[in-house]
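Trainee: I would like to learn how to read a ligand site and the empty spaces of a protein model. Could we go through one together?

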Amino acid sequence: MRKIRLVEVRSELAAGTRGASLGIDAMKVASLGKHSDFFLRFQPIRVKNENDLLFQEPKFKNAKYGEGVFTVLKRVCDAVSDLRAEGLFPIVLAGDHSTAAGTIAGIKKADPDKRLGAIWIDAHADFHSPYTTPSGNMHGMPLAMATATDNIECEQNDIEEETEALWERIKSIGMRGPKMKPEDIVFIGVRDTEPEEDYLIKKHGIKNFTTAEVTEKGVQQVSKEAMEILKDCDQIYISFDVDSLDTSISVGTGTPVPEGLTKEQALELNIELIKDKRVCCWEIVEVNPTLDTENRMANNAFEILEATTASLIQNF
Ligand SMILES: NC(=[NH2+])NCCC[C@H](N)C(=O)O
């Protein structure tokens with residue numbers, strides 16, 4: 001059986017809306033409500049955050065709070081890389097989705113020679129760089145960080161020199177250069193992108209399984225096809241952003257988008273995908289209880305976390 005370690009990252013610097021750093025504790029409240037022993041079973045590692053920067057104005061307008069994001073991602077990278085070097089399976093519970101770039105860097109740092117792929121279950125492609133971002137919010141950038149993509153072809157923002165230097169440092173966390181090829185990304189549920197991201201998706205032929213496709217083909221088939229696309233990867237990372245879920249379930253996330261997955265679809269998808277023996281890390285992000293009523297999103301997210309972990313344990 002694989003040994004699991006929880007990594008708790010209460011960081012929300014890279015989100016545009018406040019509150020995502022409370023998502024982990026909202027899931028803990030959900031677990032108490034269910035009388036679950038989940039949080040007793042795994043020893044958590046807590047990564048220090050830099051959320052106090054939020055009391056100041058952001059320094060970099062195309063990479064807001066980027067200096068803090070860099071520090072947190074570096075810490076996440078080191079924590080994940082240490083766990084992977086010990087052969088442990090990190091389950092990362094995080095606030096905003098930028099942490100995924102730290103996680104990916106950590107996986108790669110521990111196994112630089114292994115080809116890494118990612119399954120990105122999300123409403124967003126998170127493929128912006130400071131050169132293209134419409135918001136400056138760095139939770140829209142983790143896949144550009146991980147693949148070292150600037151997307152100058154679609155440049156929208158005339159970025160400052162300091163921002164450029166910071167972006168270079170962020171892309172070099174763990175190791176210099178790309179940790180993954182864009183071709184080794186599979187999207188599920190992506191439905192809110194900007195033209196600059198559409199350009200990259202088309203350029204690299206990245207497959208997106210839409211909500212309609214998941215409904216039509218079913219979870220088993222979609223999981224099979226997703227893994228088939230990543231057949232040449234040695235390791236697979238799964239990133240689950242709760243905004244992949246439909247807004248009728250809950251709006252307890254910073255950037256909710258209609259026409260998302262049902263809870264059952266997301267639950268089954270994660271249960272199924274994590275059975276693949278190459279999956280080496282799973283992450284859940286963007287639960288924001290301050291935007292919610294009766295902790296609905298965290299209740300759903302915790303259910304998915306618990307079921308996915310159970311599937312991981314049962315299948316090894
Ligand atoms: N992880 C997220 N919720 N990302 C939302 C990104 C939204 C938009 N594409 C932006 O870059 O601002």
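Mentor: Let us begin with a single polar contact and build outwards, keeping in mind that this is a predicted model. A polar side-chain atom of Thr255 lies 2.9 Å from a nitrogen atom of the ligand, a pair that counts as a polar contact because its two atoms are within 3.5 Å.

Trainee: Which atoms of His139 and Glu286 come up to a nitrogen atom of the ligand, backbone or side chain?

Mentor: For His139 it is a backbone N or O atom, 3.1 Å from a nitrogen atom of the ligand, whereas Glu286 uses an N or O atom in its side chain, at 3.4 Å. As for cover, the ligand taken alone exposes 350 Å², and the protein buries 94% of that.

Trainee: How many residues surround the ligand, and how do they divide by class?

Mentor: The shell consists of 13 residues, and the closest are Asp126, Ser135, His139, Glu194 and Thr255. By class, this shell holds seven polar and five charged residues, with one nonpolar residue besides.

Trainee: Where does the ligand sit with respect to the pockets, and what lines that space?

Mentor: The ligand takes up the space of the largest pocket, which contains about 250 Å³. Its lining comprises 20 residues, and those nearest the centre of the pocket are His124, Asp126, Ser135, His139 and Gly140. Sorted by class, the lining has eleven polar residues, eight charged residues and one nonpolar residue.

Trainee: A cavity should be read apart from a pocket, I gather, so how many cavities of 30 Å³ or more are there?

Mentor: A pocket is open, whereas a cavity is a space in which the probe fits but from which it cannot get out. By this rule there is one cavity of 30 Å³ or more, and the largest cavity holds about 40 Å³ of space.

Trainee: Which residues line the largest cavity, and which helices supply them?

Mentor: The lining is made up of Ala101, Gly102, Ala105, Met145, Ala146, Ile170, Ile173 and Lys179. Helix 4 (99–110) and helix 5 (142–147) each give at least two of these residues, and helix 4 has the largest share, with three. By class, the lining of this cavity has six nonpolar residues, one polar and one charged.

Methods. Residues are numbered from 1 along each chain as its sequence is written. This is a predicted model: local features need pLDDT of at least 70, side-chain atom pairs count only at pLDDT 80 or more; totals for chains, interfaces and linings use all residues. Side-chain values use heavy atoms; hydrogens and water are left out. A residue is near a molecule or strand if one of its heavy atoms lies within 4 Å of it. A polar contact is a pair of N or O atoms within 3.5 Å; within protein, one must be able to donate a hydrogen and the other to accept it, and residues adjacent in sequence count only if both atoms are side-chain atoms. Accessible areas come from the Shrake-Rupley method with a 1.4 Å probe; for residues, only the protein chains shown count as cover. On a 1 Å grid over the protein atoms alone, a cavity is a set of points where a 1.4 Å probe fits but cannot get out, and a pocket is an open set with protein on both sides within 12 Å along at least five of seven lines; lining residues have an atom within 4 Å of a point. A molecule sits in a cavity or pocket if more than half of its atoms lie within 2 Å of its grid points. Ala, Val, Leu, Ile, Met, Phe, Trp, Tyr, Cys and Pro count as nonpolar, Asp, Glu, Lys and Arg as charged, and the others, Gly among them, as polar. Grid points are joined across faces, edges and corners, and a volume is the space filled by probe spheres set on the points. Helices (H or I, at least four residues) and strands (E, at least two) are DSSP runs, numbered from the N terminus.
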